[in-house]
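Grab a pencil and work through these exercises with the model open beside you. Try each task before you read its solution.

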Amino acid sequence: MGVLGQDIRYALRSFRRAPGFTFVALITLALGIGGTTAIFSIVDGVVLRPLPYPQPERIHRLVRVNARSTDGSFSAADYLDVKRDTKAFVSIAALREDIIDLTGRGEPQRVPGAQTTGGFFDVFMAPPIAGRVYREATDQPGAAVAVISERLWRQQFGREAGAIGTKVRINGTPTEIIGVMPATFRHPVVADVWTLSPLEVPVSPVPTDDGLSSRDVQYFMAVGRLDETAAIGAAREQLKSVGARLAREFPDTNRDRTFDAQPLAESLVADVRGALWILLGAVGFVLLIACANVAGLLMARGAARRRELAVRTAIGADRGRLMQQLMTESLVLAGAGGGLGLLAGAWILQGLMALAPDNIPRLNEVSLDWRVAAFTLAATMAVGVLFGLAPAMQASQPELNTDLKDGGRSGTTRTGARSVMVVAQVALALVLLIGAGLMITSLARLQAVDPGFRTTELVSVELLLPQARYSEPLQRQFYAGALERLRANPVTARSALIFPFPLGGSNARADFEVEGQPERPSSEDAHAELNMVSDGYFATAGLRLIDGRDFTVADGPDAPPVVIVNDAARGAFGGRSPIGARVNLGTWVTVVGVVSDARRQSLDTPPQPAVYLPYTQFVMPYMGVLVQTGQGAGATALVVRAAVADLDPELPIGEVKTIEQLISESTGQPRFRSFLLAAFAALALLLAAVGVYGLISFSVAQRVPELGVRLALGASPWQVFRLVIGRGVQLAVAGVIIGLAVAAAAARLVGGLLFNTSTTDPVIYACVSLLLLTIAALACYVPARRAMRVDPMTALRSE
Amino acid sequence: MIKLSSIEKSYRHGLSQTFVLRRVNAEIRQGDFVSIMGPSGAGKSTLLHILGMHDSAWTGEYWLFDDPIHQLSAKDRMRVQKQHVGFVFQSYHLLDNLTVYENIDLPLSYRDVKKSEREGMVADILDRFNIVGKKDLFPNQLSGGQQQLVAIARAVVAKPSLILADEPTGNLHTDQGKEIMELFRRLNEGGTTIVQVTHSQANAAYGKRVINLKDGWIVDEN
C-alpha cells in the first residue's frame, strides 16, 4: 500500500507538472467515458433494468401469433378461453388504454387511464403506497373503484391520506378512490387512473353484437404472471395447445393462429432495443478512439521520459516495478477521466433526454444510479488498462546506455506503436462516419417521402368522448354539432372529422373480403386499414378522389352502408372497378369511391389497402378534427375549444398538433438515432484528427535534425512540407482501407434501421473516405508548416 | 571483488564489425579506488555501464564477488546490481518531479525496504551529507554541486559495496568538483569500492589506481 500510495502521489504530481498533456487526456477521456455512460444509462434504463416488481421475470405479455407476425391484441372470447385453459399462469388480466375525464374535484381533468380486469394488480404484485388495490378474489367486475397514480395523488390531492375513500366522477360515474400506486408503476401502459371493467374483459370501444363471444374484434392486451412452480416452456405449450384447439373449432377467425407469451420487459422495448445496442456500440467506438488517443499521448510522454525511466532502472527499478508505476499513472489518469466522465455523462444524459422522442418506452426509468456508476467504474478501469498497457510496456524497456547519455533524444523514435494507434483511430472513425452517413441519408430520404396528404397548413385536434356519457347516437350527434360549428367559423371553415389521424400510431384494421372474389389464404394479409371520416375529409387532407364520389349528408345512419377504398385496395377487386362492389368488413358495405393512397402507419411503410367509412354510419368515440387553415395551431385551438364548450362545457379538447408536428414525431426515432450517430461520428473525427496531429507533430519534433540535414542538402521547404503531409496521409489511407472493410461488415447491423438506403452505398463510402482523408491532411498542416520553417543551422547544432 | 576476462563489445554494420572494447582483462579489489581514463571514444563509459550491468550485449567473463555476471539471467543481474552497485552520473540524473528526500528514498523503495526503515536510512544520509535543510526542495532549486551531492547520497543510501561514477565532476566548477572528490575519498576510506571515469588527472589523483583505455584496449594500468 505504501508503494502504491507513493506511485499515486508521484503520478498526481507529474500530471500537475504537465498541464497541457493532462488537460487534453482528461477532456478526451471525459468525452469518451461521459458519452458511453450516458448511452449506457439509457440502455440500462430501457433494456437491461428489470421491471420494478417482485419476480419481474415471471410477468409476461400474451400475444397472438401466425407464421408471419405477432400481434398483442386479443378478442374477448379468445382471451376468456386462454385464461380458463392455461394453468401455468397464477393470474392473467386484460387491459386497454382509456381516456379518463376526472370531474367533481376542481377543474375537469383529462388524464390517461387503463380499464382493466380484476386480476391486473395480481399480475404485477406491486404494493400501493396508500390504500389498497382491487383484486380478482375480492372485487367484483364493475365495482365503482379506482386506483390512481402518485402523480395524480400529488397534483390533485396534495398527497393527503384523505384522498383514499374520496369519491370523484370518472367519465361521469361516481367512483371511490381506493389506492395510490407508486411513481414506478408505469407498465404495460402509462396511466394515472386504473378502473375496473364491468365485464370479464375491458369494454369494447366498438359496439359488438356478440359481446363476450366475439372473436372478430381484437382491442385489448393481456398480461399474466407465471406460477412459481411452472416453467415458461410449459406455459407456452399450454398456450399453443389452446391456440390449436381454437383454430380447429373457429377456423373463420382463428385459422393458422396460435398464442404465445413474451417476457413483458422484452416486449415493451422490442422496437428500440436493436437501435440502442447499436448506439452503445457506436459510443463504445468513440471510447476506443479516445483510448487510442490517450495511449498515443502516453507514448509520446513515455518517449520524453526515457531519461527518467533509464535513471529509475539504473538505480534499481526492475521492469515490473516500472510497469507498476506507469500503470498506476494510467489508472490515476483514467480515474480522474472517469470522474469527469461521470459528470459529463450526467450532462450529456440530460441533453439526450431532452432530445429523445417521447415514444421510446421506459425512458422515464433512465437515471444515473449505482448501476451506471458501477458501469462507469468498470469502463474507467478497463480504459485505464487499455490505454496504459502498450505505452507502459514500451516505456518500461529503456535503452539504458543511450537514454542516460542524451536523455533519449537520439534513440529510436519508436513511433511504430503510435502509428498503429492512429491507423486504428482513423479506421474506427471511418466506421462511425459511414454509419452516420447511412443514417442521415436514410433520414433525408424518409423525410422526402410524399406521404400522400397535405404536409402544410393542417391542424389536428383530438375530440375524444367518454363512453360512459356518450352513447353511439350521442357521439354522432356531438361530432355533427362540432363540425357544423367549426365550418361556420372562417378560421376553421375547411374542417373534417377523422379517426385515426395520419401517422398517429393507430393500428386500427378490419378484415377485408370482396364479394365474388376467391377467399385468400389467411397467411396472406387480408386486412385493410380502417378509417372513419366525415364528408370533405379527402379535400381537407389533400387526397384525390380517383373514382366515384365522396360521402354526403345522405350517407346517414339509416342509409345503406357505404365505403370508400384507396388505390392500394384495388388489387382485391380482381381487375374490376371497385365502384358498386360489396365488401365485408364484419358487415357488408358498398364501395362508392376510390381515393389516392396515403401513408398512415409511418413514412417508411408503403401505403396499405385502406377503407374509409362515414362516421355517420360507423362512429368511434376517438374522432378528431382536421382543419385546413393558415391561422396556426393556437388560433385553431381557440375556435375548437369554443365550439366544444358550446356543446359540452365539461368536455376538454385533446392534443392540438400541426401536420408538421405529426410528421416530425413519426420520424422522431430515426432522427434521434441519426443525430446521436452523427454526434458520435463528429467526435470520433475530431479525436482521430487530434491523434493524427499529435503523432505527426511528435514525429516532426523528433526529426528536426534529419529535416535540418535534408534542408542543408538542398531540399526545398515544399518538399519537406510534402514529406510530412505524406506521412500523415499515408497513415490515414491505411486507416481508411481497414475502416472500409470493417464498415462494410458492420453496416449490416444497421441495415434494418435504414430506409431506401443500401448498407454499401458507394457514394456515401467514397464521400466519407474523402472527408476523413482531407481532415487528416489538414491535421498535418500545422506540423508540416513547422517542419518547413526548420532552420538547418539550429537543427544541426542541436544534434 | 571484480574480475573481468576478455570482455569485448562490438556493433555490427552489415558485414563489418566495429569494436568498442577489445579483450579487456582487469581485476579490482574490494576497497580499491580506480579511475578509468582515456580519450573520447576509448570505451570508458561503455566499460562502466558493463560493470553497472546496464549493458548486457557483450562477451567475455565478468565476476562480481562470487557471481558470474556473464552467466546470469537479466533478473538475477538486476538482483546482484541492487545488492552491490550504486551509480553516479555526470548529469546527476535526479528525477525532476521528486524532492531531494524522495530521490534518495527511491533506490530503497526499489529494494523493498520497509517504510519505517527507509525513513531512518534517508534521515541518516541527509544528516551525513549535511542536506537536511534541502530535503523538500526539487532538483531545479539546487545548484549543480548540490544536485551531484544528492545524486551521490542517492547512490550510497542502499549501502552498496561498489560505486560507479561516470565523470562525476564533469558539469561542476573546480571548488564543487573538489568537494565531491573529497566525498568519494571519505566513502572509499569507509570501505566502499569506487570506480570512476574521468578526464581529469587531478580527480584521478584521488584514486589508488588508473586504467587507461584507447580504442577499446587497455593500454596502461598502474
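**Exercise 1. Get your bearings.** Which domains does the domain assignment of chain A give?

Before you start, note that this is a predicted model, where local features need pLDDT of at least 70, side-chain atom pairs count only at pLDDT 80 or more, and totals for chains, interfaces and linings use all residues. Residues are numbered from 1 along each chain as its sequence is written, while chains are lettered from A and ligands numbered from 1 in the order in which they are written.

Step 1: The assignment lists domain 1 (68–255), domain 2 (418–444 + 669–799) and domain 3 (464–653). These bounds come from an automatic or database domain assignment.

Step 2: Now look at the distance. The centres of domain 1 and domain 2 of chain A, taken over C-alpha atoms, are 57 Å apart.

**Exercise 2. Describe each chain.** Find how many helices and strands chain A has, then do the same for chain B.

Step 1: Helices (H or I, at least four residues) and strands (E, at least two) are DSSP runs, numbered from the N terminus. Chain A has 23 of each kind. Its C-alpha trace spans about 105 × 60 × 55 Å along the principal axes.

Step 2: Chain B has seven helices and 10 strands. Its radius of gyration is 18 Å, close to the 17 Å from the globule rule for 222 residues, so chain B is as compact as a globular protein of that length. (The radius is taken over C-alpha atoms, and the rule is 2.2 Å times the number of residues to the power 0.38.)

Step 3: Next comes burial. A residue is buried if 20 or more other C-beta atoms lie within 10 Å of its own, exposed if 12 or fewer, and partly exposed in between, with C-beta atoms placed from the backbone. Buried residues make up 48% of the 799 residues in chain A and 44% of the 222 in chain B.

**Exercise 3. Where do the chains touch?** Work out which elements of chain A give two or more residues to the side that touches chain B.

Step 1: Two residues are in contact if their C-beta atoms, placed from the backbone, lie within 7 Å. By that rule, 19 residues of chain A are in contact with 19 residues of chain B.

Step 2: On the chain A side, the elements are helix H1 (2–16), helix H10 (306–314) and helix H13 (400–406). H1(A) gives the most, with six residues.

Step 3: Sort this side of chain A by type, and you get eight nonpolar, five polar and six charged residues. Here Ala, Val, Leu, Ile, Met, Phe, Trp, Tyr, Cys and Pro count as nonpolar, Asp, Glu, Lys and Arg as charged, and the others, Gly among them, as polar.

**Exercise 4. Read the faces of a helix.** Which residues of H15(A) are buried, and which exposed ones sit on the face turned away from them?

Step 1: Helix H15 (residues 472–488) of chain A has 17 residues and reaches 25 Å from its first C-alpha to its last, close to the expected 24 Å. The expected span is 1.5 Å times one less than the number of residues.

Step 2: The buried ones are Gln475(A), Phe478(A), Tyr479(A), Ala482(A), Leu483(A) and Leu486(A). Seen down the axis of H15(A), they fall within an arc of 130 degrees, so they line one face of the helix. The arc is that of the directions from the helix axis to the C-beta atoms.

Step 3: A bit of background helps: an α-helix has 3.6 residues a turn, so residues three or four places apart point the same way.

Step 4: The face turned away carries the exposed residues Pro473(A), Glu484(A) and Ala488(A). What covers the buried residues includes strand E13 (495–499), strand E22 (624–628) and helix H17 (632–647) of chain A.

**Exercise 5. Hunt for unusual backbone.** Which peptide bonds are cis in these two spots, before Pro188(A) and before Pro500(A)?

Step 1: Most residues other than glycine have a negative phi, and most peptide bonds are trans.

Step 2: The bond from His187(A) to Pro188(A) is cis, with omega near -5 degrees. Pro188(A) lies in the loop between strand E8 (173–181) and strand E9 (193–196) of chain A.

Step 3: Phe499(A) and Pro500(A) are also joined by a cis bond, with omega about -10 degrees.

Step 4: In chain B, check phi instead. Lys159(B), a residue other than glycine, has a positive phi near 55 degrees, and Lys159(B) counts as exposed, with 12 C-beta neighbours inside 10 Å.
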